[in-house]
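Hi everyone, thanks for making time. I'd like to walk you through a few local features, so let's put the sequence and the structure up on the screen.

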Amino acid sequence: MMTQYLALKAEAADCLLFYRMGDFFELFFEDAKQAAQILDIALTSRGEHLGVPIPMCGVPVHSAEGYLARLIKAGCRVAIAEQVETPEEAKKRGGSKALVARDIVRFVTAGTLTEEALLEPRRANVLAAVCDVRGTIGIAACDISTGRMELEECAPDRLGAALARLGASETVAPEGLEGVPLDTIPRSPRDFSSDGGEARLKAVHGVSTLDGFGDFTRAMLAAAGGLIAYLDHVGRGKLPLLLPPVARSGDAALAMDEATRASLEILTTAQGTRRGSLVEAVDRCVTGAGARQLADDLSAPLTDAAAIQARLALVEWLHDDPLLRADLRAVLRALPDLGRALGRIVAGRGSPRDLGQLRDGLSEARRIHDYLVQRTERPALLDALLPSLTGHGALTDLYARALVPAPPTERGQGGFIAEGYDAALDELRRVSGDARRAIAMLEAKYRDQTGIAALKIRHNGVLGYFIEVPAKHGDALMAPDSGFTHRQTMAGAVRFNALALHEEASRIAEAGGHALAAEEAHFEELIAAAVAARHAIAATAAALARIDVAAGQAERAAEGGWCKPVISDGLGLDITGGRHPVVEAALAAKGERFIANDCRLAQHDRLWLVGGPNMGGKSTFLRQNALIVLLAQAGGFVPAEAARIGLVDRLFSRVGASDNLARGRSTFMVEMVETAAILAQATERSFVILDEVGRGTSTYDGLALAWAVVEAVHGINRCRCLFATHYHELARLAESCEALSLHHVRAREWKGELVLLHEVSEGPADRSYGLAVAKLAGVPAPVVARAKSVLDRLEKGRAETGGLAAGLGDLPLFAAAAAAPAEPADPVRERLRDLDVDALSPREALDVLYALKRAADSD
């Protein structure tokens, strides 16, 4: 057995191997140690290998899904080795001592899950494949639980942003590819061939050309090839549901890099939880599919004004009709997850319950269609969705006739084909039922015949049907002429058989076996019907999800008093009474009110310099305006009294920073990398929020950097920008930057206490109130008092010298400074400056001298 196990383990490579032994999946050696620790189960041993006890642990087959979920969440990958023949077949093949053949039937990985118990209902489970084709990155992404597949390409420096948008559970790439996440699974570069990818896609979808699906580049096709090859590997030749690929244009969605997504906490918070994120505050969807679609909308807001308007019109239509919205949401709430049920069916892991979900979901989709089609003045997007909700009449009729009202999750015991669907099956069930009644009559007959009232006819998996009497009555049935045959003696009972019982048991077994075989055949036919209609069913699931998103957005808008934004092609941003959706919800839970603020950016006033104390609301103000832009371009209402959004092509947020030890970057280095990305990529149509740039280094360095960044954003990028700072000296930029204005969050000191008003007003901040905030935070009074005396001394010195910003007003603007020629390099001087004279030997000193002379002569 160990030889067989080790061969399978070699095939499983770095995966934990679940080795089927009877009713358990067993793990051995290091796999057992790792699994026992993660699952908190007992670690035992079995026999020896090379003279050492073999560590071992196991989990029951019937509850394996729960253990698999914990292993996958812990970052493990699992190979499932099943018995691929029965013990009888093994004996026939190799004699009584033949080992039952086993093979790996499937790899279970984070990105290839389809089981309902292993997936989060409200979150997509994305598998991504990445490759490089002549300097262009190809990306293929697929959620195999629903079959949705997208292909795109990007520049190498945009890969991080693309993967952050996808939020993939698992990423695969060719061995040696740089710039991919640390946990990326390496695969053979041969899998990532554009020709191979094209051929695989054609084979999967049974077409001779991909032109009907879209225009795909070589990089996209290569990534698709790698993705399908990996799916073929983990499925052991059985591919999951794959819908026709969709080409995603890089310009179709609002671009956001990793840092922006992290700081805005769109799908998860900084702690990695959904609670406290934007999607948690916005999500009012009543289906898992709708919640997944909403998350996708928020991850990739649109940049096409017409598409945004179409979504907004549907939200508005549902918002303005509360009764319609309530009725629609009530029906949607009862819908099964059609997309994931279909995914399990196509992947070969479907159950009778999944078929029942298709029947019920498609029937309800038709009801929704008939309900909505009667409405007048429907939005164009709804009219485009409605046809996808119909066309399944034949399939739902078939399932209605074939399936019982509540099909089971397992098909092994039968009982899911409805009575009246198959006359032959009904007859087999009748025979089986008659035999069971005959057994009940036999039990009564045997009691009368023997006079033993405690006699019972029982059944188990080993003996089948048998007669059982208490031990004290056993001798009476042992007589040769009793008509009973002894089978087994127990501690308190004796078991027998009888000819009539054997005949009835045979009838039951024969009829039951034929009935199970008939049901299995019908199941395969019903599965084939769903697979044949998979594209139409997937379209229905997608349409229902989009309707649920619109209804949920309308519900959230009505609940919070949100407004419909106006989308324009201009470069302005005009928000009246804007609020932060997450912070407002948190305050409302405590019975507190959020202070709304306006934000009006225009060509002549596109950069706001916002000062004021910590805890005064600067970061919240910055983030709320970025989130309002994001929500608007995702096609939803926004938390404001009114909003007019000039389309944004890129959204940048540098609010707060932390170190990245894995990449060897300090907090300040992370801040500078993020700021550099903004300065390199922002266009005049972008929206940028910057908070406390320059605070991670010395005061002079920080002020100098902040000054230069403001000038660059204003004069070179020329984008809309909110810039929060504590450097009061930056206020002097208003004198030289015509599109920059000064603002501050208001605060007042009252009877020695700081009162934060959370209101944004025009004009510079008069002071930072840092000591007052420190007092609020609980810093000991003697420390605050000492800080006050130090502050007085520093401010006196600043007044005498002209302050940190003395002389900055005489500097030319950024453009002029940038145009100044750089000081020519002096290699001799640089070499001498870097030289450690005391560490040189005489010979080394002479060599350096000759080298310096050669450098001087070459100049």
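How many of the five residues of strand β24, residues 720–724, are buried? This is a predicted model, by the way. The answer is five of the five, so β24 is largely enclosed by the rest of the structure. If you look at the side chains, Arg720, Leu722 and Ala724 point one way, Cys721 and Phe723 point the other way, and all are buried. That fits the textbook picture: in a regular strand, side chains alternate between the two faces of the sheet.

Who are the partners of β24? Strand β20, residues 607–611, runs parallel to β24 and is joined to it by four bridges, with Leu609 opposite Phe723. Strand β23, residues 687–691, also pairs with β24 in the parallel sense, over five bridges; there, Phe687 has Arg720 as its bridge partner.

Now let's go back along the chain to another sheet. Here six strands form an open sheet with mixed pairing, in the order β11-β10-β7-β8-β9-β12. β11 (185–187) and β12 (246–247) stand at the edges with a single partner strand each, so one side of each has no neighbour in the sheet. Further in, β7 (residues 127–133) and β10 (residues 170–174) run parallel and are joined by three bridges; Ala129 has Val172 in β10 as its bridge partner.

Last stop, the surface. Leu846, Leu849 and Tyr850 make a nonpolar patch of about 310 Å². Leu849 lies in helix α29, residues 842–858, and it counts as exposed because its relative accessibility is 55%, where the cut-off is over 50%. Happy to take questions!

Definitions and conventions
Residues are numbered from 1 along each chain as its sequence is written. This is a predicted model: local features need pLDDT of at least 70, side-chain atom pairs count only at pLDDT 80 or more; totals for chains, interfaces and linings use all residues. Side-chain values use heavy atoms; hydrogens and water are left out. Two strands pair if DSSP finds at least two bridges between them. Helices (H or I, at least four residues) and strands (E, at least two) are DSSP runs, numbered from the N terminus. Patches are made of residues with over 30% relative accessible area and no salt bridge: like charges are joined within 9 Å, nonpolar side chains (Val, Leu, Ile, Met, Phe, Trp, Tyr) within 5 Å. Accessible areas come from the Shrake-Rupley method with a 1.4 Å probe; for residues, only the protein chains shown count as cover. A salt bridge is a side-chain nitrogen of Lys or Arg within 4 Å of a carboxyl oxygen of Asp or Glu. Buried means under 20% relative accessible area, exposed over 50%, partly exposed in between (1.4 Å probe, protein chains only).
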